[in-house]
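Hello,

Here is the structure I said I would pass on. Please have it open while you read the notes below.

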Amino acid sequence: MSVDKLAYYPGCPSEATAIEQHMSTEAVFEKLGVELVEVEDWNCCGAAEVEDPRVVYALNARNLAIAEKEDLDIVTPCSICYYNLERSNRALKADEALRTKLKGIDSSLDYNGTIKTKHVLDVFVNDIGLDEISSKLEKKVNVKVAPYYGCYIGRPPETAFDDPDNPVLMDKLIELIGGEIVPNFNYMKTVCCGGPLMMTRGDIAFDMARKILDVAKNAGADCISLACPLCGMMLDGKQADIEKALDVTIGMPVVYITQLLGLALGIEPNKLGLNKNAVDTKEILGKVV
Amino acid sequence: MPIKTWELDPNFKNEIMSEAGGERLASCFQCSTCTLGCPITEFVPGYNPRKIIQMSLLGMREEVLSNPDLWVCLICQTCTARCPQDVRIADVLGALRRIAEREEEAGNLKIDSPRPLFDKAFQHQLKKFGRLYDMGLAMEYYPKKEGSFIKGMLAMMKDYKDFGMRMFLKGKMGPLGGGSPVKGMLASKIKQKDVMKKIFEELGEEGKEK
Ligand code: SF4
Ligand code: SF4
């Protein structure tokens, strides 16, 4: 199956800590010939901090309604945004009374439940497809990768689009572009990075992130690949703080899967924001042939 | 812990089950799969979601709502994914946190965690701007957490000095952040901010201005 146009929901970190994920997502879709139309005037999905499901549904109804007007399915590169969009979409599709209630709050929340929500990984592998991507590859990305999936790709069950214990979508893309999956990292693929506790129990968050970085390092990875900006903030953005606080040396490059894919598609590294990752990515660039 | 039956609240489970996310509480059959797979148990000794469910079903309202462990859950959904009874533990814990927050606001409980303050600051920023603004959030959260503006700013400096500079140098925060001269410095605001206000005022207890 092929897609040629999608509504794009960048999510809040796209404007700050995860700008490289945003840049690489746009660049990769362009190269793959899929047009992204940014959801006009999009609002925050509620992240993990809005705990009341009714508020989450309302926040996401507005974004869904904007995409629905364009008659486009929504894609997002952020796992938390995906989870909130998808669970809201499911709740709204199933519950007419909820839709009516939201419409009564404001006309901008008038969503009819006609579109789908997707995570970029799902679109790459299941909609665009590996064959199509393969036909556009220009380079081999000869790196050893620890593919880290985090929380919302394989769980909870209703919104998941990959295996809960051993997800594989990112692995498939990495192998497709000439990379190698390091052994002995599988059991860490879906263990939470600690991000949700960063601001309230930073000590626990640091220990959790450190464990992932250590396992990747011991497995001989050249880099960790990701599909969520909160994981990016913990593993990449905070890596130097973790090294300092726990008195360890790690030095593990962390990149978004869209950045690796972009390199294989022959896109300029700076256009993929590879100069914006906190841990230097030059070594990875040297392995693109 | 000895259970004092005369202090049990038989209605507590109904209270939880009428809260969004808490509906499936009563289907728990105490197999402990949730606790065995929970990543926090490695870092917080004694952390036990199965036990929180059991105490909730028994009606140990005060013990459950004042349990500091409610506030270290990552909402990582591992328990929910593995539960054979579809109890939706991550959502049940969320429902418990919301009941606890209401009790604190009513003056009946003191929550031993800064997390409600953080969540509230986040929601307040979202209500105001429609998007998350990192700097604004930190400026609102730290003084509340530390109890005064000065202490808050000092604690924020301590946590953010290195990280902020790193993000600034990469053009992610500060005057040149966010890919444009203003984006990283100012809050990114949506046009329909009034809708955010309406959503929080009509649906959320947390977003309301005091
Ligand atoms: S896994 Fe489910 S059924 Fe088993 S103890 Fe936990 S909540 Fe109860
Ligand atoms: S959601 Fe909370 S209780 Fe459940 S496994 Fe994750 S940290 Fe543990």
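**Aromatic rings and what lies around them**

In chain B, ring pairs join B:Phe118, B:Tyr141, B:Tyr142, B:Tyr160 and B:Phe163 into a cluster. Please keep in mind that this is a predicted model. One member of the cluster, B:Tyr160, also has a partner from the other chain: the charged end of A:Lys238 sits over the ring of B:Tyr160, 4.9 Å from its centre. A charge from chain B is found over a ring of chain A as well, since B:Arg131 lies over the face of A:Trp42, at 3.5 Å from the ring centre.

How many aromatic pairs are there over all chains? A search of the whole structure gives 8. One of them is the pair of A:Tyr82 and A:Phe161. A pair of aromatic rings is described by two values, the distance of the centres and the angle of the planes. For A:Tyr82 and A:Phe161 the centres are 5.1 Å apart and the planes stand at 85 degrees. Planes over 60 degrees apart count as edge-to-face, so the pair of A:Tyr82 and A:Phe161 is edge-to-face.

Where do the two residues of this pair lie? A:Tyr82 is in helix α3 (residues 79–94) of chain A, while A:Phe161 is in the loop between β5 (144–147) and α7 (169–176) of chain A. The pair therefore ties together parts that are 79 residues apart in sequence.

Are they buried or exposed? Buried means under 20% relative accessible area. A:Tyr82 has 4% relative accessibility, so A:Tyr82 counts as buried. A:Phe161 has 14%, so A:Phe161 counts as buried too.

**Ligand 2**

There are 14 residues around ligand 2, and those that come nearest are B:Cys38, B:Cys73, B:Leu74, B:Cys76 and B:Cys79. The elements that give two or more residues to this shell are α5 (78–82) and α6 (89–105) of chain B. By class, the shell around ligand 2 holds 12 nonpolar residues, 2 polar residues and no charged ones.

**Chain B as a whole**

Chain B has 10 helices and 0 strands, so to read its elements from the N terminus on is to read α-α-α-α-α-α-α-α-α-α. Chain B has 210 residues, and 51% of them count as buried. Among the contacts in chain B with a separation of 6 or more, 59% are between residues 24 or more positions apart. The accessible surface of chain B is about 10200 Å², and carbon and sulfur atoms account for 58% of that surface.

Regards

Terms used: Residues are numbered from 1 along each chain as its sequence is written. Chains are lettered from A and ligands numbered from 1 in the order in which they are written. This is a predicted model: local features need pLDDT of at least 70, side-chain atom pairs count only at pLDDT 80 or more; totals for chains, interfaces and linings use all residues. Side-chain values use heavy atoms; hydrogens and water are left out. A residue is near a molecule or strand if one of its heavy atoms lies within 4 Å of it. Helices (H or I, at least four residues) and strands (E, at least two) are DSSP runs, numbered from the N terminus. Ala, Val, Leu, Ile, Met, Phe, Trp, Tyr, Cys and Pro count as nonpolar, Asp, Glu, Lys and Arg as charged, and the others, Gly among them, as polar. Rings of Phe, Tyr and Trp (its six-membered ring) pair if their centres lie within 6.5 Å; planes under 30 degrees apart count as stacked, over 60 as edge-to-face and the rest as tilted. Buried means under 20% relative accessible area, exposed over 50%, partly exposed in between (1.4 Å probe, protein chains only). A charge sits over a ring if NZ of Lys or CZ of Arg is within 6 Å of the ring centre and within 35 degrees of the ring normal. Contact means heavy atoms within 4.5 Å. Accessible areas come from the Shrake-Rupley method with a 1.4 Å probe; for residues, only the protein chains shown count as cover.
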